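The exercises below are meant to be worked through with the sequence and the model side by side. Try each task on your own before you read the solution that follows.

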Amino acid sequence: MSDKKKEISPKTYKFDTLSLHAGYQPHKNAGSRQVPIYQTTSYLFDDVDHAAALFNLERGGHIYSRISNPTVGVLEERVASLEGGTAALATSSGMSAIFLTVMTLCEAGDHLVVSSQLYGGTVNLFRLTLPKFGITCTFVKPRDTEGFKKAIKKNTKGIFGELVGNPGNELMNMPDVAKIAHDAGIPLIVDATYQTPYLCKPFEHGADIVIHSLTKWMAGHGSSMAGILVEGGNFDWMQNDKFPTMTTPYEGYHGLSFAEEFGPTAFTMKARAEGMRDFGPCLSPQNAWNVLQGIETLSVRMKKHCSNAEEMVKYLLAHESVAWVSHPSVPDHPDHELAKKLLPNGRGSMIAFGIKGGKDAGVAFINNVKLASHLANVGDTRTLVIHPASGTHSQMDEATLKFAGLSHDMIRLSVGIEDIDDIKNDFEVGFRAARKPRLVSNQ
Amino acid sequence: MKFKVNGEDVYASTGGRPFDKNKPLIIFVHGSGLTHMTWVLQTRYFAFHGYSVLALDMPGHGLSGGKSLKSIEDMAEWIGKVIDSVGYKEASLVGHSQGCLVTIECTSRYPDKIKTLSLMGGAGAIPMNPELLSLAENNDPKAVDLMMDWAHGPAGHFGGHPVPGLYHINTGTMLAKSRTIQNTLGVDFRACDNYKNGFEAAKKIKCPTLSILATDDKMCPVKEGKKLAALIDGSQVDIIDNCGHMMLLEEADRVLKVLKKFITSNYPPKI
């Protein structure tokens, strides 16, 4: 028998357990094993003193479901726990999470450095809408790490990017970009929708705020819109004078300084107290509950998404109708090694590929697949396809499309968890149809 | 606010209200390796209800300057100087964990200065697990992970933070890692382990005293808290079910309710 002393180790719950349990205690909810849906707008105060204390952030609790709701709160804690974050704030969509993050961080006259390869809606927010609020942006290609550094100005308040860009699958070197941000005394904000915390925990690689469209893989079922911002708790808002609304007395709460009072949760507290109060993009409790059902099976689904994606990559690489395939699992993908480091549990289920025959072939392919759904979403359990240049990114002009790395032959594929043979068979139908116009034009 | 003690900057949260020397003073003393932020769900209430509040960052912790003090006795002396430095002759003390050792020692040394004593997760002695102590002194982040595991009860491990959206364990982890672990947690754990005077100090305490204990507290178990309370004349004890060592956050409302009743009845506010 060995006399080696057993090393002590923490017994805190791990990822799969947190996916099912974090944020909820049945004994505080009438013993209900399932998270209850608190379908209410407002909450009784014990007395006037209790009401005043809640409004004044003296005590925790709920006032009005635009600000917080118990069902939504379970979702917020669950995602914070899975990400390794200190706090989270759920919103009505991923876009509202981005907007709320920017409005919590920036004032009119501020500037952001932004990766150029983003979801089209996000590009429009940064390029067209935020300037209306006096917030300007400089776009930098995701692989141009030095470009992020060069684009930082005196009034820059943060760097924003998607870890794996939509739709071209270019990776931003998160650890290096985080260092650039931190050297400049500003936070790195990462939209990690494509990864979910199962594939990557951005806080471990230097991110300070993580954003998800929960509508996608986190929920998985494609039934409910939801977004969330998560705070890492490591960013020191008081290190410089760039963030006065975080560090100086705030008139809206009797001179409260969020950074001094709430430290590692200051950003979320401000986003809720100010952002939800004044902008109000709250998540409905029903949708929060729907998303929670998806998160319960997150790791199981993500494994299947990733294994199916890798099968589809092999299939597409070998296919005569395919001009090129972009996925971080492909050995000659420029970010293959970086992806191995940042995405150890799988490279994700988004594939971009070029179809031979260009735009016409792409349209024919999309119009003829039957199992794969043609729609403007990703991360559903079902396989989804879209032609970005005529769909998600159609509001971009030619120059912007090119800068964002989009070509007219590109098909964006979100691989579902159906039987892999059925997905391939469906694609064969699409490819056959795509070849027909070219055969006609060649005659 | 910031002020000086022994020539070093001291940071203390005033609970979101300007510090007002005309109001009775409550001083909150945090536990090992932590900061003033652990008290946010108690301090703001008292600050808005007739008290002046100082939730301290101990030297070398949080936003305070200087180096961490190496003994509980030094920390107790330092609290006495804090009261002098802000121009008060008396104060009410509230301590958590290591903060209980500090406030017990301080109250025994300055019986005329301390008007009430509230102890949360307190004991007469806090001997440290040798491996945990070694990890902290060697700057190993595992020390924080272990402390967060042992310090939290069901609410901490599953969640259910009283402030919507906050997650207990990760927030505590970030607080404990906000300064170099060996310089805060390592020094604090050693000070706790070395301190042997808790039970003797408790016997000297004559002011109204409250002990809030929690059934799932692995750091300072209920039986240890009761043993301490039994040595203090007229000490009140409140035990919270299904809660861990971080009761001031895990069951913040319950703690505030008990604390409010105890302090306002023994050391009235000035409204």
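**Exercise 1. A hairpin in chain B**

Which residue takes a positive phi in the hairpin of strand 1 of chain B and strand 2 of chain B, and how many residues lie between the strands?

Solution. Keep in mind throughout that this is a predicted model. Begin with the pairing: strand 1 (residues 2-5) and strand 2 (residues 8-13) of chain B run antiparallel and are joined by four bridges, and B:F3 has B:V10 of strand 2 opposite to it. Next, look at the turn, where two residues lie between the strands and B:N6 has a positive phi near 55°. Finally, follow strand 2 of chain B to strand 4 (residues 52-56) of chain B, with which it pairs in the antiparallel sense through two bridges; here B:S13 has B:A55 as its bridge partner.

**Exercise 2. The sheet of seven strands in chain A**

Find the order of the strands in the open sheet of seven strands in chain A, and explain why one side of strand 1 and of strand 3 has no neighbour in the sheet.

Solution. Reading across the sheet gives the order 1-7-6-5-4-2-3, with mixed pairing. Strand 1 (87-91) and strand 3 (136-140) of chain A are at the edges and have a single partner strand each, so one side of each remains without a neighbour in the sheet. On average, neighbouring strands are turned by 20° against each other when direction is ignored. For an example of parallel pairing, take strand 4 (residues 156-162) and strand 5 (residues 188-191) of chain A, which share four bridges, and note that A:G161 stands opposite A:V190. Now add the helices: helix 3 (residues 70-83) of chain A touches strand 1, strand 6 (209-213) and strand 7 (227-231), and its direction makes about 130° with that of strand 1. Helix 4 (residues 94-105) of chain A also lies across strands of this sheet, among them strand 2 (111-115), and it runs at about 155° to strand 6.

**Exercise 3. A salt bridge from helix to helix**

Which residue forms a salt bridge with A:R272, and which parts of chain A does the pair tie together?

Solution. Recall that side chains of opposite charge can pair when their charged atoms come close. The partner is A:E76, and the closest N and O atoms of the pair are 3.0 Å apart. A:R272 belongs to helix 11 (residues 266-278) of chain A and A:E76 to helix 3 of chain A, so the salt bridge ties together parts that are 196 residues apart in sequence. Over all chains, the whole structure holds 25 salt bridges.

**Exercise 4. The largest cavity**

Determine the volume of the largest cavity, and say which elements give two or more residues to its lining.

Solution. The count of cavities of 30 Å³ or more is six, and the largest cavity has a volume of about 130 Å³. It is lined by 13 residues, and those closest to its centre are A:T265, B:M37, B:V40, B:L166 and B:T171. Two or more lining residues come from each of helix 10 (258-262) of chain A, helix 1 (40-47) of chain B and helix 7 (168-176) of chain B. Sorting the lining by character gives nine nonpolar residues, three polar and one charged.

Terms used. Residues are numbered from 1 along each chain as its sequence is written. Chains are lettered from A and ligands numbered from 1 in the order in which they are written. This is a predicted model: local features need pLDDT of at least 70, side-chain atom pairs count only at pLDDT 80 or more; totals for chains, interfaces and linings use all residues. Side-chain values use heavy atoms; hydrogens and water are left out. Two strands pair if DSSP finds at least two bridges between them. Axes are lines fitted to C-alpha atoms, for helices over the stretch in contact, and angles run from 0 to 180 degrees between N-to-C directions. Contact means heavy atoms within 4.5 Å. On a 1 Å grid over the protein atoms alone, a cavity is a set of points where a 1.4 Å probe fits but cannot get out, and a pocket is an open set with protein on both sides within 12 Å along at least five of seven lines; lining residues have an atom within 4 Å of a point. Grid points are joined across faces, edges and corners, and a volume is the space filled by probe spheres set on the points. Ala, Val, Leu, Ile, Met, Phe, Trp, Tyr, Cys and Pro count as nonpolar, Asp, Glu, Lys and Arg as charged, and the others, Gly among them, as polar. A salt bridge is a side-chain nitrogen of Lys or Arg within 4 Å of a carboxyl oxygen of Asp or Glu.
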